[in-house]
Amino acid sequence: MSVEAGKLADFGNRAAQPRKGRRLRAFLRNPTFVAGVIILSFFVLLALFADLLFPGDPLDMVGPPVLWPGESVEFPLGTDSLGRDVLAGLVHGARASLLVGLSAAAIGLAIGMVVGAAAGFFGGWVDTLLMRVVELFQTTPTFLLVVVIVAIGEPTMQTIALAIGIASWPTVARLVRAQFRSLREADFVMAARSLGYSNLRIIAQEILPNALPPVIVAASVMIANAILTEAGLSFLNMRDANVVSWGGMIGNGRDLLRTAWFLTALPGVAIAAAVLSLNLVGDGLNEILNPRSDP
Amino acid sequence: MGRRILTTLRRTAIHAGPTVLGIIVLDFLLLQLMPGDAADVIASESGVATAETMAALRERFGLDQPVLTQLMNFLGHLVQFDLGFSPRYNMSVLDMIMTRLPSTVLLMATALSLALLLGIVIGSVMAAWAGRWPDRVLSVVVLLFYSMPGFWVGLMAIVLFSVKLGWLPSDGSMTIGANLTGFAFLSDRLEHLILPALALASFFVAVYARLVRASMLEVQRQDFMRTAQAKGLHPFFIQLRHALRNALIPVTTVAGMHLGNLLGGAVVVETLFGWPGMGRLALEAVLARDFSVLLGVLLLSSLLVIIANVVIDLLHAWLDPRIGAA
Amino acid sequence: MSLLAVENLSVAFPGHVAVREVSFAIEPGETLALVGESGCGKSVTAFSVMRLLPPNARIVSGRILFEGADLLAASAPEMRSIRGKQVSLIQQEPMTSLNPVLSIGAQIGEVIRHHDKLSHRATRARSIELLDLVSIPDAHRRIDDYPHNLSGGMRQRVMIAMAVACGPKLLIADEPTTALDVTTQAQVLDLLDDLRRKLSMAVLLITHDLGVVAQWADRINVMYAGRIVEQAGIEPFFARPMHPYSRGLLGARVDVDADEHYSANRLSEIPGSVGSAMGEAGCPFAPRCPLVEASCRAAPPPLLAFEAGRRVACPVTLAASSELRDILPPPSYGGGAPEGGGGGRQHKRFSNISDLKSAGTPTGALPPRPSRAPPPYDGGGKL
């Protein structure tokens with residue numbers, strides 16, 4: 001009996017674990033995905049080695065104010081109104097943006113997956129109740145909700161990440177719920193149930209691995225949106241005063257829009273590039289995990 | 001169709017009632033968690049911060065009462081369509097919101113329409129030239145717009161159209177004190193509207209363009225397209241009447257989900273452009289800890305989303321006769 | 001002059017040639033069946049006539065003469081005036097062939113308004129007439145229904161109504177009954193035949209169902225791997241199929257002293273698969289043909305006339321038949337007589353589809369000789 005149990009468990013798990021070698025090659029063959037990964041890695045490296053590349057605090061005033069890019073070799077991308085190095089700010093800003101993006105997405109995914117799995121798997125009143133909560137959150141404009149939550153606490157990086165995560169879990173929950181609803185009728189689930197597996201085990205070991213592909217794609221989109229939201233918040237001055245962020249740089253440069261528009265342009269380009277890379281990765285993942293045949 | 005409207009409205013009212021109540025309670029409690037209250041802000045701004053003045057302020061606006069009492073008061077007033085009084089603006093919240101609501105609705109409606117129109121056109125072009133260079137170029141452009149923050153697009157637009165070219169204004173919703181009438185008035189309003197609307201719409205143009213492209217390509221593969229061609233109809237007519245109507249169905253679903261985002265995005269865009277709308281009001285209310293106003297704005301925003309979803313549902317049903325067929 | 005004359009049509013897709021040097025003609029008012037298995041190029045041929053091929057298809061050579069004018073040389077507006085008006089199409093899947101978001105009245109009406117330019121009221125009246133013509137009950141109410149409100153058979157009738165709305169001279173029916181159940185099949189085909197006579201319409205009937213062909217067609221073209229391998233009138237064909245592939249399809253054997261019932265012996269099939277035709281320089285059927293000779297693989301055999309109205313693309317078969325014909329009288333199983341004579345399956349005139357089906361005509365069924373172990377497929381035995 002235990003041999004059969006093992007075989008059945010294997011069957012369920014085998015469906016969950018892709019043939020790794022073939023999958024990897026499929027990833028590498030997709031140009032969108034590869035391009036996205038390359039650009040993203042560039043930013044990740046920037047974030048990781050920011051201190052090495054530009055030691056010191058980027059918020060320090062180090063040069064004459066409002067230097068244009070190219071005017072001085074020392075400050076290749078110029079300086080802002082307070083004489084701060086723009087390039088240093090951009091590189092350090094990568095760290096802030098990526099950190100916030102990742103943690104916000106992680107929080108959102110965690111909450112969303114738990115809620116979605118519960119709602120989708122158990123159905124009934126659990127589902128109705130949870131979906132009502134989801135609706136509550138989704139009827140309130142997301143950005144406003146984030147602003148309110150940030151206002152409750154101190155506008156630090158952690159609070160911002162938490163706020164964005166709390167505001168974005170409903171989308172994940174809906175997605176996961178849909179997956180669970182369709183997968184819970186699958187044969188391998190019935191097999192697992194007949195072997196007496198506990199609900200928790202079925203959810204975590206059987207269904208969840210199979211529900212992951214759209215969630216993975218959604219994750220990259222969530223990180224991208226989190227970065228955009230954080231940029232918006234920083235622009236509105238709801239940011240951590242001790243940390244450089246791209247949105248904050250744009251906010252600072254707003255007043256000099258007429259004379260030194262590069263101060264708003266350059267950080268925006270950085271945001272666009274980082275978010276673009278995430279979207280490329282997301283698109284590539286979507287093509288790989290959900291293949292279709294149109295051009 | 002008329003019967004459908006009634007059933008949808010009734011269904012929504014029944015369903016939305018508890019949701020709205022839940023929103024009110026949730027938001028109320030959330031706001032209570034915020035440190036400080038309106039009295040603090042007013043006092044700090046006016047520079048008078050004695051204990052007596054603050055106590056007097058609090059008592060005047062009922063801020064010293066226990067949370068539950070405040071909530072009950074609020075609900076009680078709400079039933080009479082009274083949203084309370086704003087300590088900061090010194091007018092009733094409802095009046096305050098009503099002065100700002102039309103501007104926001106105008107901005108959102110314009111942005112959404114622009115986004116849909118541009119998105120559908122661009123998406124159709126991309127689908128028609130799928131795989132060839134117009135499609136590739138547009139795909140890159142679209143992806144870029146999808147990645148750029150809306151407010152940054154607005155800023156760059158200001159640099160180009162306001163600063164460099166001087167064609168369009170960058171602040172407010174109209175030229176104040178000019179007392180324009182008729183056509184000049186409309187054109188002035190329009191000039192002020194374009195840049196904010198474009199900034200708000202930029203992200204969504206990308207979403208709809210991608211969606212329409214995928215949807216149109218899907219539709220081209222359907223058998224009924226060949227049937228239409230076999231009837232000898234003109235290709236453009238076929239695309240418009242047969243393909244597009246089918247392709248727009250998923251677009252309506254997605255557009256419905258975006259309304260919340262649209263309002264949220266309006267907060268930043270309105271602040272950037274000095275647009276006198278509800279989004280900017282909400283932000284000011286947060287900073288001023290003016291909970292009455294904030295609560296009113298949150299409530300109204302949610303109502304707006306619910307109403308818009310109903311409209312989208314009806315639109316969806318009109319486009320697709322298969323819905324509700326059972 | 002034939003209504004439609006296809007001359008040497010070749011159509012290619014990236015990677016393979018779907019239709020090779022196909023030539024046939026349809027006379028006004030007749031039903032020509034184009035028969036073959038999936039992938040043999042029959043649908044592509046049909047779509048070529050209306051120039052409704054997918055964008056990656058290329059018409060490599062040939063002419064398609066409709067009433068003398070080459071359709072392949074026609075301009076786009078000219079084609080648009082011909083489609084729906086002179087030549088119409090019915091497709092296989094009625095559910096997906098109708099636009100789900102438009103009412104059936106709207107879909108029928110648009111072809112009428114486009115070609116005949118009638119007013120709204122007149123169009124609606126005519127649409128209701130057409131729905132009556134195709135026996136849709138309660139037409140004046142049904143006209144505002146949507147495709148999902150109708151059953152499969154009714155949807156196919158709506159397709160037929162749309163196709164005949166402007167009185168076309170040629171109707172191309174691409175597997176019109178494949179997606180329907182057997183009873184509905186018979187009704188729809190009855191309807192088609194009825195309309196054909198009423199409207200003096202020719203029908204190009206594309207199908208893989210030989211039962212349908214036997215009952216409804218006047219002439220038959222058999223296609224294999226993109227080529228036409230046999231052309232014949234219906235009765236001569238079913239009486240005595242000649243090309244080895246046709247014989248395989250019908251499981252027929254020309255055996256003068258055979259009088260067995262098919263169920264007495266085991267079935268055998270054409271060995272191999274149609275994929276073997278890829279890259280074949282000679283006759284596409286050569287890899288599977290038991291009568292194959294060295295010359296068969298050199299070049300694809302042309303369609304040669306055997307008798308009036310009968311052409312076969314198999315020199316081996318033709319040579320053997322003409323020899324025999326000189327020696328022996330034609331096999332006496334009433335080939336050509338309207339009533340089936342006695343004995344043998346081959347010459348029984350099938351009066352309904354189910355008869356023919358129960359006689360085992362699915363592809364490849366081939367009853368072996370009596371009272372012996374079933375021999376391998378040998379192209380139908382000696383002629």
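Visitor: How many residues of chain B are in contact with chain A, and how many of chain A with chain B?

Guide: In this predicted model, chain B puts 39 residues in contact with 33 residues of chain A.

Visitor: Which elements of chain B give two or more residues to that side?

Guide: They are α1 (2-33), α6 (133-147), α7 (150-164), α10 (235-273), α11 (278-287) and α12 (291-319), in chain B.

Visitor: And where does the largest share come from?

Guide: From α10(B), with 8 residues.

Visitor: What's the make-up by class on the side of chain B that touches chain A?

Guide: There are 28 nonpolar and 11 polar residues. No charged residues there.

Visitor: Switch to chain C. How many residues does each chain give to the contact of chain B with chain C?

Guide: Chain B gives 19 residues and chain C gives 25.

Visitor: Which elements of chain B give two or more residues there?

Guide: α9 (223-230) and α10 of chain B. The largest share is from α9(B), at 6 residues.

Visitor: What classes does chain B show on the side that touches chain C?

Guide: A mix: 6 nonpolar, 7 polar and 6 charged residues. On the side that touches chain A, chain B has no charged residues.

Visitor: Back to α10(B). How does it sit against α5(B): what's the crossing angle?

Guide: Helix α5 covers residues 93-128 of chain B. The axes of α5(B) and α10(B) come within 11 Å and cross at roughly 130°. That makes α5(B) oblique to α10(B).

Visitor: Is that crossing left-handed or right-handed?

Guide: The crossing of α5(B) and α10(B) is right-handed.

Visitor: Which residues make the contact?

Guide: From α5(B): T104(B), L107(B), M108(B), A111(B), L112(B) and L116(B). From α10(B): A255(B), L262(B), L263(B) and A266(B). By class, the contact has 9 nonpolar residues, 1 polar and no charged.

Visitor: Now confidence. What ipTM and pTM does the predictor give the complex?

Guide: The ipTM is 0.83 and the pTM is 0.78.

Visitor: And chain C: what's its average pLDDT?

Guide: Chain C averages 79. Of its residues, 79% score at least 70.

Visitor: Where in chain C does pLDDT stay under 50?

Guide: Residues 252-258 of chain C are one such stretch. Residues 328-376 of chain C are another.

Visitor: How many contacts beyond four places in sequence does the model have for those stretches?

Guide: For residues 252-258 of chain C, 16. For residues 328-376 of chain C, 89.

Methods:
Residues numbered from 1 in each chain as written. Chains lettered and ligands numbered in written order. Predicted model: local features only at pLDDT ≥ 70, side-chain atom pairs only at ≥ 80, totals over all residues. Contact = placed C-beta atoms within 7 Å. Helix = DSSP H or I, 4+ residues; strand = E, 2+ residues; numbered from the N terminus. Nonpolar A, V, L, I, M, F, W, Y, C, P; charged D, E, K, R; others polar. pLDDT = per-residue confidence, 0-100. Axes fitted to C-alpha atoms, helices over the stretch in contact; angles between N-to-C directions. Parallel < 35°, antiparallel > 145°, perpendicular 65-115°, else oblique. Left-handed = near helix turned anticlockwise from the far one by under 90°.
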